[in-house]
Amino acid sequence: MRIADLDPANESHARQMAELLVAGFAHEGEYGWPDMASAMEEVEEFKEEGRILRGAFEGDILLGWVGGISVYHGHTWELHPLVVRPDAQGRGIGRALVADFEEQVRARGGTAIHLGTDDTANRTSLGGANLYENLWEQVAGIRNLGGHPYEFYQKCGYAITGVIPDANGPGKPDIFMCKRVGE
């Protein structure tokens, strides 16, 4: 496996990127990219200047990709999105893409990375809960009820730093995570 820059203007790259978004976020339904048209719209946004866009390849096959958007004058970068082919998950590809992304951010002088990891399907104990009462107690006691990615990011060194309780509708929070990667 090799990790390299992706070019969303390259037809093969763009198609594979969109296919991975549809397949990798199928469990999110309307909250992910339910079809190629919506996925291609997301890929199109990565043609903007100043974004990080890296892919993990086996030959010409895209196994996964990670994108990034500079915010706060380049001090912080948003990791968005991270996706790995469902049939290639569990092989360390996601972890390698996150590590590579962190290195790209450091090389650009960034000091922190943030990301949002939505719970639209009650895959954590925060999903479906009233988070307006005792929020931080609920965050401290978070449990993974169904393969939610927040634990993956914790293993990569990210910490939960905030929650928007009804970001995606009642009982569907967005869980914010951050990591310091530079001085």
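## The two sides of helix α2

Turned away from the buried side of α2, one face of this helix carries A37 and E41, both exposed (over 50% relative accessible area with a 1.4 Å probe, protein chains only; buried is under 20%, partly exposed in between). Helix α2 covers residues 36-45, and A39, E42 and V43 are buried there. Looking down the axis of α2, the buried residues fall within an arc of 100°, so they line one face of the helix; the arc is that of the directions from the helix axis to the C-beta atoms. Helices (H or I, at least four residues) and strands (E, at least two) are DSSP runs, numbered from the N terminus.

The buried residues of α2 pack against α1 and β4 (76-84). At the N-terminal end of α2, D35 acts as a cap, with a side-chain oxygen 3.3 Å from the backbone nitrogen of A37.

This is a predicted model: local features need pLDDT of at least 70, side-chain atom pairs count only at pLDDT 80 or more, and totals for chains, interfaces and linings use all residues. Residues are numbered from 1 along each chain as its sequence is written, and side-chain values use heavy atoms, with hydrogens and water left out.

## H13 in helix α1

H13 sits in α1 (residues 11-24) and is buried, at 17% relative accessible area. Setting aside neighbours within four places in sequence, H13 is in contact (heavy atoms within 4.5 Å) with D5, L6, D7 and F57.

## I142 in a loop

I142 belongs to the loop between α4 (135-140) and α5 (150-155), yet I142 is buried, with a relative accessible area of 14%. Its contacts, leaving aside neighbours within four places in sequence, include L126, Y150 and I175. I142 and L126 are 16 residues apart in sequence and 6.6 Å apart in space, C-alpha to C-alpha.

Conventions
A polar contact is a pair of N or O atoms within 3.5 Å; within protein, one must be able to donate a hydrogen and the other to accept it, and residues adjacent in sequence count only if both atoms are side-chain atoms.
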